[in-house]
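Biologist: Please take a close look at one part of this model for me. I would like the aromatic rings and their surroundings, followed by whatever else helps to place them.

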Amino acid sequence: MRAIVYLISDGVFPSNIGRGYVVRRLIRRAVRTGRLLGIKGNGMGNLDGAFLPILAEEVIKLSTNIDTEVKIRAARIFEELKREELRFVSTLERGEKLLEQILTDALSTAQINGTVPCISGKDAFVLYDTFGFPVEITKEVADERGVGIDMESFDVEMDSQRRQSQAAHNTVKLSVENGAELTENISDTEFLGYDTLSTRAVIEGLLVNGKAVEQVSEGNEVEVLLDRTPFYAESGGQIGDHGFLYVTKSGNIKEAVVEIKDVQKSLGNIFVHKGTVKEGVIDVGGEVEAEVDTKLRQRVKVHHTATHLLQSALKKVIGQETSQAGSLVAFDRLRFDFNFNRPLRENEVMEIEGLINKWIGEATLLQTKVMQLADAKNAGAIAMFGEKYGAQVRVVEVPGVSMELCGGTHVSNTSEIRGFKIISEQGVASGVRRIEAVAGEAFIEYVIARDNYMKQLCSTLKVNAEDVTTRVNNLLKDLRDARGEVSAARAKAAIYRASTMISKAVTIGSSLKIRVLVESMEEIDGDALKSAAEYLVDSLEDPAAVVLGSCVDEKRVSLIVAFSPGVVGLGIQAGKFIGPIAKLCGGRGGGRPNFAQAGGSEPEKLGVALEKAREELVSFLSEKSG
């Protein structure tokens, strides 16, 4: 427990990567140990509480003289422990029942067959994948019961899931019939795109539908393999370049044109240029002029550098412990996933935007170096957790702001970014948040579009921009008031119609004389139907039972059941009575013993449902009233 407290105090928060995963594992072990000792909830009677913060409080008391920072950060430590414990308890409760059944089956099977009890890798994977039950916890519980786990088959299941995930993310692979031969004949592509956006290159291979060909003509989709290229291939979150390949003859006359719409890496470091032959014919061995779309390259450079600034701003505003969990650097926007346990506050978003735009305005020259991995890390460069790096790495630095290992393309000066705006922030997984933002030309387009929307709104509302909020709030209030008036009018109309129906009530029983009314009120909405039912059950006087139904529109049914205290006292409850009736017209509902509501989706069956309600009520009340 002391290790957990100190780690969180030092800024290491529970997550699924790096040091954060160590903390998460320690917390989960402490929670499970507590549950094995019989601790429920906070251990002091509150079953919805957490006990780790209480233990942490004692740790902090004992540690104050050793590390004063622990006490200063106590509130944050308690918050993290409570959140993580309650989340894990929920996970445990989901998986414990299934795990118990799996363990019982394993022990029973082993006893019958005279074998060693073992959980299959498939069962362990189901617990992990479907119920979020960590395999290390499954292993601990199984060990305590003398049951093993087939970890080899578990790893097979995990690998299978990874392969499916990679396929779903469209990871490019060259599926050619003679792939081995093609690999031998084609060397890695020389990338020139850091220094130039156009170059002469030789076509080393052509693929159509995954098959190697010698020639491709106009109108066909093709994958082109070049000996050298200025095109960036998708990696590190940055999408591949767009552009053209030209085959020219003397006088720069274009004989063939290939439009490139995607570039991917495959078979090591071979760049696959995916596109369509727009004009002419291209051949293996032919020479082309490869030209990257400069405008799109600039847009992606702007977004990539802005992504680095965003990570630095996040660390400054919400804490150094936050880390990247994924990214997308595209022409129209950037997307950045990061480890954090709550939504960003409005003032935090504004502070992040302010920092980034300040750095942009400082017009700082970027520095790019190729250096030894160890040297880069010692210099403070941020590495993406889980990424594999060679002995030499490329380091992109915005002096005084950011330093990261990165193979992507970047602006030369932060002023090229022009402006930055966060357009959304949301949760995408447990403990992972996502920011989408625009910068550069995309930022200008965003601002212009929003300005046009505001102008249209001002024109429609006939107010200045600064008065729009007040005007909209007033309109919303007027709308709420109008809706209230309409609802009141509908309720009055429904009550009037209900008053004309009182005479249709029937009397059940000779001594108790229970008044029963089951009727359809056609197209009255649910709120008005409720008012009518309340009016009728009061007007008929205790004991009384009312069931009303209406077809709100062609696809919706509304049902109301209202019982007076005398009827409820006979042992019938509106909330339970309405369920089976609602099912007859494609719906469901519930409520209190004296009042219940339901909706349905089959208006044509409302008559059948009301007739069933009438039969059930008359039968039950006749028996009870004598």
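**Rings, charges and a sheet**

Modeller: F336 and F338 are both buried. Keep in mind that this is a predicted model. The two residues also belong together as rings. F336 and F338 form a stacked aromatic pair, with 6.3 Å from centre to centre and 20° between the planes. The stacked label follows because planes under 30 degrees apart count as such. Across the whole structure, a search finds eight aromatic pairs.

Rings also group. One aromatic cluster is made up of F191, Y194, Y232 and F271. Y194 has a charged partner as well. The charged end of R394 sits over the ring of Y194, at 3.7 Å from the ring centre. So Y194 is a member of the cluster and carries a charge over its ring, within the 6 Å that the criterion asks for. A lysine does likewise elsewhere: the charged end of K254 sits over the ring of Y246, 4.8 Å from its centre.

Next, a strand. β10 covers residues 253–266, and E259 lies in it. The side chain of E259 makes a polar contact of 3.3 Å with the side chain of K261. Setting aside neighbours within four places in sequence, E259 touches G243 and F244. On the same terms, its contacts also include K274, G275, T276 and K278.

Now the open sheet. Six strands build it, in the order β21-β22-β23-β24-β26-β25, with mixed pairing. Its edges are β21 (506–508) and β25 (588–591), each of which pairs on one side only. On average, neighbouring strands are turned by 15° against each other, direction ignored.

Look at the β21 edge. β21 pairs with β22 (residues 514–520) in the antiparallel sense, over three bridges. One bridge can be named: T507 has R515 in β22 as its partner.

Two helices lie across this sheet. Helix α17 (residues 574–583) crosses β23 (544–551), β24 (557–563), β25 and β26 (595–600). Its direction is at about 150° to β24. Helix α18 (residues 606–625) lies across β21, β22, β23 and β24. Against β22, helix α18 runs at about 175°. Both helices therefore have β23 and β24 among the strands they lie across, where contact means heavy atoms within 4.5 Å. The edge strands are split between them: α17 lies across β25, and α18 lies across β21.

How values were computed
Residues are numbered from 1 along each chain as its sequence is written. This is a predicted model: local features need pLDDT of at least 70, side-chain atom pairs count only at pLDDT 80 or more; totals for chains, interfaces and linings use all residues. Side-chain values use heavy atoms; hydrogens and water are left out. Two strands pair if DSSP finds at least two bridges between them. Helices (H or I, at least four residues) and strands (E, at least two) are DSSP runs, numbered from the N terminus. Axes are lines fitted to C-alpha atoms, for helices over the stretch in contact, and angles run from 0 to 180 degrees between N-to-C directions. A polar contact is a pair of N or O atoms within 3.5 Å; within protein, one must be able to donate a hydrogen and the other to accept it, and residues adjacent in sequence count only if both atoms are side-chain atoms. Rings of Phe, Tyr and Trp (its six-membered ring) pair if their centres lie within 6.5 Å; planes under 30 degrees apart count as stacked, over 60 as edge-to-face and the rest as tilted. Buried means under 20% relative accessible area, exposed over 50%, partly exposed in between (1.4 Å probe, protein chains only). A charge sits over a ring if NZ of Lys or CZ of Arg is within 6 Å of the ring centre and within 35 degrees of the ring normal.
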